[in-house]
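Visitor: Hi, I have just opened this one and would like someone to walk me through it. Could we take it piece by piece?

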Amino acid sequence: MAYPANYRYTKEHEWVEVKGDVAAIGITDYAQHELGDVVFVELPKVGAKIEAGKTFGTVESVKAVSDIYAPASGEVVEANDVLHNTPEKINTDPHGAGWLIKVRLANPAEISGLMDAAAYEAYIASQSKEASA
Amino acid sequence: MESVTTPPITELRKTALNAVHRRLGAKMVNFGGWDMPVEYPASGGLVAEHRAVRSSVGVFDVSHMGDIRIRSGPTHGGALAAVQHVSMNDASKLAIGQAHYSAMLYPEGTFVDDVIVHRLGEDDYLLVINAGTREKDVNWVRENTKGFDCVVQDLSDAYTQLAIQGPCAQELLQKLTDANLAVIKNYWFTHGAVCGLKNTLIARTGYTGEDGFEIYVPSDAATSEMVWNKVMEAGAEFGIIPCGLGARNTLRLESKMALYGHEISDKINVWEAGLDRYCKMEKGDFIGHAALERAKVAGVTRALVGLEMVDRGIARDEYCCCNESGEVIGVVTSGSPSPTLCKNIALAYVPPTMTALGTPIYVQIRTQKCKAQVVATPFYKRPKKTVAPQAAANV
């Protein structure tokens, strides 16, 4: 699956798509693949504050629990609550319908510190190499 | 900054089928020092594997399991006496060709490991043990059978063990063997040619709660791969898929089968684990007997129960259990979504006063206390098979 060029990425495998001062956040294709079939998500409520680098939610597969880290700080303006009943969207469309939350950015400059698609692809390639070594 | 001493990197152990798993694109994990497949995403992953076993058939590489053979020395009966001494079930009740679930205990009545004891011959037993406890178990058996006239052999590396599990397992395996599988009852075994390999141990055992067989073939890579491939070919018509440790865990959990280090350990005794029916106190002395007698009188302070989540949330291994007022009263030993029941289930130790069906238990999931309730176990029981007339005639 291609990594959208207009998104930014974290080392913890979250993506961010910024439109104006609002950022949509999700987990990457690599992350959903590592996790396996997603069966459960826990998301913050609208109005909650999230802080860059801190966990704001959880995605669980049958086997594993994965904390989701905030790529940037801000206030939650929307949560993708349909995932409660259809968590598998995270597997089938991680970069689209599987988005987790939308956040009004407190400090848009934080985004510039994240990886672009090329850098992220290089990063996961090095991760896979490490894992199979 | 001072550097911390890093522990020595020990090489992960591999089964003879390691290359096969990697070729299939399995997600590999370190399981008790073994490089094992946890799931095979290319053929559908954990949930598909779980469903294949419940509805049709799946195959597991369980060669990481260990095998200890105990045979008598010159004196007849030495092996039986040794097995009786180190395990809690009554091996004198086993016929040749029969197996049973048992456990080896510490003098405290807690678990060294759980085992399947097979009676291979008059004075000949095979104990199948867990991967993570192999060395400990072998040492334990050697150490504690010194006074008996028996020979203890560690055969763990001699076998590739495949578990073929599911309602179609018999039909599949029958295509590969001359042994009549229809007459083998649950927890019995036979020897027969499998894929041309003579005298292969074929046991109607497993760790999935489903019908199925475990076969033991020579552990060289060529033979192991040949058998694996033949099983996959023979299973194609049933939609067989390879299954990993992930599905093995959810399958055994639904069937409430204990996992060492979780439901049973060196800190938990037989009564607490609720394994009374596999512990034969009346058979005479064995390691752990005296402590268990005392423990029976004293009564248990915790008991293993099945939980089903009422609130949204998945209970996981080692999460705390609380009562309604929020006090910690127990711990989850295994917890997972159940692919068969589509519910979130768990096994947990709680006080004996909280074991009644329907008792509310609150599981601490991250920052929240999520409601669960005690339910009947096993969570899943396979439908009773109606014996086919042909099979019945052969009995």
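Guide: Gladly, and we can begin at a loop: this is a predicted model, and in it Pro378(B) sits in the loop between strand 19 (368-375) and helix 10 (389-394) of chain B.

Visitor: What is the peptide bond from Thr377(B) to Pro378(B) like, cis or trans?

Guide: The bond that leads from Thr377(B) into Pro378(B) is cis, and its omega is near -5 degrees.

Visitor: Anything to look at in the backbone of chain A?

Guide: One residue to look at is His13(A), whose phi is near 70 degrees, a positive value although the residue is not glycine. His13(A) belongs to the loop between strand 1 and strand 2 (14-19) of chain A.

Visitor: Okay, staying with chain A, how many helices and strands does it have?

Guide: Chain A has three helices and nine strands, and along the sequence they follow the pattern β-β-β-α-β-β-β-β-β-α-β-α. The chain is as compact as a globular protein of its length, because its radius of gyration is 14 Å and the globule rule gives 14 Å for 133 residues. Along the principal axes, its C-alpha trace spans about 45 × 35 × 25 Å.

Visitor: And in what order do the strands of its sheet come?

Guide: Six strands of chain A make an open sheet in the order 1-2-3-9-8-5, with antiparallel pairing. Strand 1 (8-9) and strand 5 (49-50) of chain A have a single partner strand each, so one side of each is left without a neighbour in the sheet.

Visitor: Can you show me one pair of strands up close?

Guide: Take strand 8 (residues 74-79) and strand 9 (residues 101-105) of chain A, which pair in the antiparallel sense over five bridges. Within that pair, Glu75(A) on one strand stands opposite Arg104(A) in strand 9 of chain A.

Visitor: Let's switch to chain B. What does its secondary structure come to?

Guide: For chain B the secondary structure comes to 10 helices and 19 strands. Its radius of gyration is 21 Å, which agrees with the value near 21 Å that a compact globule of 395 residues would have. The box filled by its C-alpha atoms is roughly 65 × 65 × 50 Å along the principal axes.

Visitor: Which domains does the assignment give for chain B?

Guide: The domain assignment gives domain 1 (18-64 + 158-254), domain 2 (66-154) and domain 3 (301-382) of chain B. The centres of domain 1 and domain 2 of chain B, taken over C-alpha atoms, are separated by 25 Å.

Visitor: And how many residues are in contact between domain 1 and domain 2 of chain B?

Guide: There, 12 residues of domain 1 of chain B are in contact with nine residues of domain 2 of chain B. The side of domain 1 that touches domain 2 in chain B has seven nonpolar and five polar residues, and no charged residues.

Visitor: Is there a sheet in chain B too, and what order would it have?

Guide: Six strands of chain B form an open sheet in the order 10-11-12-9-3-13, and here the pairing is mixed. Its edge strands are strand 10 (189-194) and strand 13 (241-243) of chain B, each of which pairs on one side only, and from one strand to the next the twist averages 30 degrees.

Visitor: How are strand 9 and strand 12 of chain B joined?

Guide: Strand 9 (residues 159-165) and strand 12 (residues 212-218) of chain B run antiparallel and are joined by seven bridges. In this pair Leu162(B) stands opposite Ile215(B), which is in strand 12 of chain B.

Visitor: And which helix lies across strand 9 of chain B?

Guide: That is helix 2 (residues 45-55) of chain B, which lies across strand 3 (58-61), strand 9 and strand 13 of chain B, and which runs at about 110 degrees to strand 13 of chain B.

Visitor: Now the two chains together: how many residues does the contact take from each?

Guide: The contact takes 10 residues from chain A and 14 residues from chain B. On the chain A side, the elements that give two or more residues are strand 4 (38-42) and strand 6 (55-61) of chain A. By class, that side of chain A has four nonpolar, three polar and three charged residues.

Visitor: Last thing, what ipTM and pTM does the predictor give the complex, and where does pLDDT stay under 50 in chain B?

Guide: The predictor gives the complex an ipTM of 0.89 and a pTM of 0.93. The mean pLDDT of chain B is 95, and 95% of its residues reach 70 or more. However, pLDDT stays under 50 over residues 1-7 of chain B, where the model has zero contacts beyond four places in sequence, and also over residues 391-395 of chain B, where the model has six such contacts. Where pLDDT is low, the predicted coordinates should not be read in detail.

Conventions
Residues numbered from 1 in each chain as written. Chains lettered and ligands numbered in written order. Predicted model: local features only at pLDDT ≥ 70, side-chain atom pairs only at ≥ 80, totals over all residues. Pairing = 2+ DSSP bridges. Helix = DSSP H or I, 4+ residues; strand = E, 2+ residues; numbered from the N terminus. Axes fitted to C-alpha atoms, helices over the stretch in contact; angles between N-to-C directions. Contact = placed C-beta atoms within 7 Å. pLDDT = per-residue confidence, 0-100. Nonpolar A, V, L, I, M, F, W, Y, C, P; charged D, E, K, R; others polar. Domains from an automatic or database assignment. Rg over C-alpha atoms; globule rule 2.2 N^0.38 Å.
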